[in-house]
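Hi everyone, thanks for making time this morning. I'd like to walk you through some side-chain pairings and one helix packing, so let me put the structure up.

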Amino acid sequence: MKELVLQPVTRIEGHARVYIRISEEAVQDVQLNVIESPRFFERLLVGRPAEEAPRLTARICGVCHATHHLASVKAVEAAWEATPPASARLARELLLASNHVTSHCLHLALLSLPDLMRLKKGVVSLIEERRQLVREAFKLHEYGLKITREIGGRDVHSITALPGGMSVAVDGSKVEGLRQGWEEAYAVATSLADLAFETLEAQPSIFLEAPSTPTCYMALHRSGGHSLYEGALRVITPEGTVMHDFDVAEYSRYVAEESSEHSYVKYPYLITLGPERGRYRVGPLARANIAASFGEGKAEEYLGRLRRRFGRIVHHPMLYHLARATELVKAMESVRALLDDPVLVSNDLFTEARPKRARGVGVVEAPRGSLIHDYETDSDGLVTRANLIVATSQNVPSMEAEVKDYASRLLPKMLLGDLEEASWRIETLVRAYDPCLSCATHFVEVETTS
């Protein structure tokens, strides 16, 4: 019996290892161990005023802070039946789009392109070969951060959304400055997308030899179209048929979680299929599979290119890269549309939110998938219960199953001692999901015996 331990899995957010146990005949066991320490935010929220939750949960992660900030404030508003004005909603959509720009840009340019270009030393090799590309990617990232600063109040850990609206109005003069920088940033986004598509399409046999396991998918949609901030949650079958379509407040009727003995991440599943068969995926690939369209613009052209080349419903995990590239362009197009909307700079940005005993659910699409915040408050507005289901945890069951599949295919290489190549290929599979493990770690129940 042999053991292969990949620790740490590199170029991801957080800490994880892959444990593989093999015999001469088969892969006996595979575990994706998420060893990022639990953050206990769900417990930290209990007893706190609910209006503090958006500021506290933004600190769960430094990458997708704005998505936690917005899912949290939407949960409080749902509980207290507060509807923010249109200008506040537009500002939030702009903040969310900027978070997708910064996150997708960094993953494509620094984490996934080295894999697609087979640069095993990662970003170091990428800088040596494509220095100008890396410089341009950082310019695009800085453009996204400028929006985040203006709308969210800070580069990281956004603070401006509060139950009922936004704490500050959007500065019209700064909006004009963001418009002026958009063309250059958009050109970088399309260049990154072109490179991702061209690189993978040029050598599909190398990357698509990894397992492609059909699963269900879940994402927000608005009238069937691509949506990040609001809408209903839709679940489709592996064939693309709508399986469930429900209001976000009803998610617990369709999605449940179970604990794992070898990971700090809980494993969500679809209740109708059960823990064994109920794996589903979220994120860019899910949104590309579920959305009827990405609207007008180049993003729709990239979506069409993805579908023409690989099918209307695509399952291969490496195609997350192309879906992510498509969404980067879509996020930039959404940024422009929002900057051009005159309602964005309106001073009507807040509606009073009155605390009450209630439950509220807030959902947004984080860069890595559907993010659910579920709170209960008492009559004084204090949080009495909180549950968070983050995107990465929803993808972990599929990641682990696919790693086991891939390890089985790579078994001959591993038995011959070619562990370096096998390790690199398995890591590329995990990185395709762009896991964010600081967000995903959950409570662990510990039992002791005397």
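Let's begin with a group of four: Arg89, Glu93, Arg222 and Glu230 are joined in a network of salt bridges. Do keep in mind that this is a predicted model.

Let me zoom in on one pair from that network. Arg89 and Glu93 form a salt bridge, and their closest N and O atoms are 2.7 Å apart. Both residues sit in helix H4, which covers residues 86-116, and they are 4 residues apart, about one turn of the helix. So is each partner buried or exposed? Arg89 is partly exposed, at 26% relative accessible area. Glu93 has 15% relative accessibility, and because the cut-off for buried is under 20%, Glu93 counts as buried.

How many salt bridges are there by this rule? The count comes to 27, and I've picked out a couple more of them for you.

Here is Glu176 with Arg179. Their closest N and O atoms are 2.6 Å apart, and the two form a salt bridge. Both belong to helix H7, residues 172-202, where they are 3 residues apart and therefore separated by about one helical turn. Glu176 is partly exposed, with a relative accessible area of 37%, and Arg179 also counts as partly exposed, at 23%.

Next comes Arg149, which forms a salt bridge with Glu142; here the closest N and O atoms are 2.8 Å apart. Arg149 has a relative accessible area of 31%, which makes it partly exposed. Glu142, at 34%, counts as partly exposed as well.

Now let's leave the charged pairs and turn to the helix packing. Please find helix H13, residues 391-409, and helix H15, residues 419-432: they pack at an angle of about 155°, with their axes 10 Å apart. Angles over 145 degrees count as roughly antiparallel, so that is how H13 and H15 run relative to each other. The crossing of H13 past H15 is right-handed.

Which residues make the contact? From H13 we have Met399, Glu402, Val403, Tyr406 and Ala407, and from H15 we have Arg425, Ile426, Leu429 and Val430. Sorted by class, this contact of H13 with H15 has 7 nonpolar residues, 2 charged ones and no polar ones.

That's my tour for today. I'm happy to rotate the view if anyone would like another look.

Methods:
Residues are numbered from 1 along each chain as its sequence is written. This is a predicted model: local features need pLDDT of at least 70, side-chain atom pairs count only at pLDDT 80 or more; totals for chains, interfaces and linings use all residues. Side-chain values use heavy atoms; hydrogens and water are left out. Axes are lines fitted to C-alpha atoms, for helices over the stretch in contact, and angles run from 0 to 180 degrees between N-to-C directions. Helices (H or I, at least four residues) and strands (E, at least two) are DSSP runs, numbered from the N terminus. Angles under 35 degrees count as roughly parallel, over 145 as roughly antiparallel, 65 to 115 as roughly perpendicular and the rest as oblique. A crossing is left-handed if the near helix is turned anticlockwise from the far one by less than a right angle, and right-handed if clockwise. Contact means heavy atoms within 4.5 Å. Ala, Val, Leu, Ile, Met, Phe, Trp, Tyr, Cys and Pro count as nonpolar, Asp, Glu, Lys and Arg as charged, and the others, Gly among them, as polar. A salt bridge is a side-chain nitrogen of Lys or Arg within 4 Å of a carboxyl oxygen of Asp or Glu. Buried means under 20% relative accessible area, exposed over 50%, partly exposed in between (1.4 Å probe, protein chains only).
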